[in-house]
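Biologist: I should like to go through the labels attached to this structure one at a time. For each, please set the value against its definition before you conclude.

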Amino acid sequence: RTEMWCLLVVVSVLLNLTLAIESEAEPLASVCETHSGHCRNTMKAVLVKAPGGVDQLYIGESEKPVLASDKHILVKVKAAGVNRADTLQRQGKYPPPPGVTNIIGLEIAGTVVEVGSDVTEWKVGDRVMALLSGGGYAEYASFPASHGIAIPENLSFEDAAGIPEAFLTAYKAIFYVGGLQNNQKLLLHAGASGVGTSGIQLASLVPGVEVYVTAGSNDKVNYCKSLGAHGGANYKEGSWLAKIKELAGGVDVLVDCVGQNYFADNLEVLNQEGTLVSIGFLSGSALPEGVNIGPLLRKRLTLKGTTLRARPDEWKSALIQSFTNFVKDGFESGKLKPVVDKVFDWNQVAAAHEYMEANQNIGKIVINGM
């Protein structure tokens, strides 16, 4: 009896110990899963069922990114900018570069949760905004530490998410590629877009520069003027070429995202030795029949095309460094501001894409709630 009693006691103790361990382990796993996220190998992300309309977008499970090198950081995404390129990728018209995730999204803002062993400029908990080659519409994103920009204290995550792609694209097109100089005239098509509103502000920092825009409504033109544009043309009310020539005479640098439909008039509005910088082809890339390219020779024009997404990491790092040196404390002081038109919860990402495709926005569209 004594031996049987001792055996029962031992079994009882072992059973209670097992139950205690299990009861302790469950909440720890739950905390790890729902808060830090580091115990999970997957994450939620906006995915595309098949190339097509906004109905193809859904939030599902995807592999969580890991640090690709000791010079990368991992960020918990708080907000992501929505860009025209995102809608084109959803339609299958703008695939990501080789080796880049299929998850849509070119710019994010969030909090650093992990840093590579060679990273010295960032620490866990830092607020960061970043330019991406893809993967922004997700809970987590990983990228080279040199592609991040510190978020000023006066900006929200939503504000910050509207900066990287728009401001860097504008900066690159106007200065890196377009070579805008003091006392020159600049024309920005789609002046009320994210790139347009960013470009107006950046160019206005240069002494003597006059900025002109085209846009699809008088309200948009007026808003561009409130940001520093000298004037603009509502292309829905007639020839934008005639209006810009009336206002400016001609321009020295022109940043174009339209392409086909505007090409001939672009050549016409440029001054002698002017520069046309192409960043997109919203109306198509094939030139209309009968286009006169004579102004290329007569005015000694320069035509340049530029993209940002597929550039090497080192090139992007140099661009970002140049940009931060140029703007200095512009965002902290209020001289520069991200223009955020509307914020959608990421569960409404389809509505965000519809809003962009309807050209309703002035400035940036942002999603949050990841």
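Biologist: Why is Ala190 called partly exposed?

Modeller: The relative accessibility of Ala190 is 29%. Buried means under 20% relative accessible area, exposed over 50%, and partly exposed in between, with a 1.4 Å probe and protein chains only. Ala190 is therefore partly exposed, since 29% falls in the middle band. The model is a predicted one, in which local features need pLDDT of at least 70 and side-chain atom pairs count only at pLDDT 80 or more, while totals for chains, interfaces and linings use all residues. Residues are numbered from 1 along each chain as its sequence is written, and side-chain values use heavy atoms, with hydrogens and water left out.

Biologist: What makes the backbone of Ala190 worth a remark?

Modeller: Its phi is near 55°, a positive value in a residue other than glycine. Most residues other than glycine have a negative phi. Ala190 belongs to the loop between strand 8 and helix 5 (194-203). Helices (H or I, at least four residues) and strands (E, at least two) are DSSP runs, numbered from the N terminus.

Biologist: Which value of phi does Asn183 have, and why is Asn183 called exposed?

Modeller: Phi of Asn183 is positive, about 65°, although Asn183 is not a glycine. The loop between helix 4 (164-177) and strand 8 (185-188) holds this residue. Its relative accessible area is 61%, which is over 50%, so Asn183 is exposed.

Biologist: How do you know that Lys123 is exposed, and that Asn368 is buried?

Modeller: Lys123 has 54% relative accessibility, so the residue passes the cut-off for exposed. Lys123 sits in the loop between strand 4 (107-115) and strand 5 (127-131). Asn368, in strand 15 (residues 364-368), has a relative accessible area of 19%, and this is under 20%, so Asn368 is buried.

Biologist: What makes the pair of Lys364 and Glu107 a salt bridge?

Modeller: A salt bridge is a side-chain nitrogen of Lys or Arg within 4 Å of a carboxyl oxygen of Asp or Glu. For Lys364 and Glu107 the N to O distance is 2.5 Å, so the pair qualifies. Side chains of opposite charge can pair when their charged atoms come close. A search of the whole structure finds seven salt bridges.

Biologist: Why is this pair said to tie together parts of the chain, and are the partners buried or exposed?

Modeller: Lys364 lies in strand 15 and Glu107 in strand 4, so the bridge joins parts that are 257 residues apart in sequence. Lys364 is buried because its relative accessible area is 3%. Glu107 is buried as well, because its value is 0%.

Biologist: How do you know that Lys243 and Glu246 form a salt bridge?

Modeller: Their N to O distance is 4.0 Å, which meets the limit and so allows the label. Both lie in helix 7 (residues 240-248), three residues apart, about one turn of the helix. Lys243 is partly exposed at 33% relative accessibility, and Glu246 is exposed at 60%.

Biologist: What makes Glu268 and Lys245 a salt bridge?

Modeller: Their closest N and O atoms are 3.5 Å apart. Glu268 lies in helix 8 (residues 263-269) and Lys245 in helix 7, so this bridge ties together parts that are 23 residues apart in sequence. Glu268 is partly exposed at 34% relative accessibility, and Lys245 is partly exposed at 36%.

Biologist: Why is no salt bridge assigned to Lys299?

Modeller: Lys and Arg count as positive and Asp and Glu as negative; His and the chain ends are not counted. The nearest side chain of opposite charge to Lys299 is that of Glu268, 5.3 Å away, so the distance fails the salt-bridge definition. Lys299 is nevertheless buried, in the loop between helix 9 (294-298) and strand 13 (302-305).

Biologist: Which backbone oxygens does the side chain of Lys299 contact?

Modeller: A polar atom of the Lys299 side chain lies 2.7 Å from the backbone oxygen of Leu267, and the side chain reaches the backbone oxygen of Leu270 at 2.5 Å. A polar contact is a pair of N or O atoms within 3.5 Å; within protein, one must be able to donate a hydrogen and the other to accept it, and residues adjacent in sequence count only if both atoms are side-chain atoms. Lys299 thus has polar contacts with Leu267 and Leu270, but no salt bridge.
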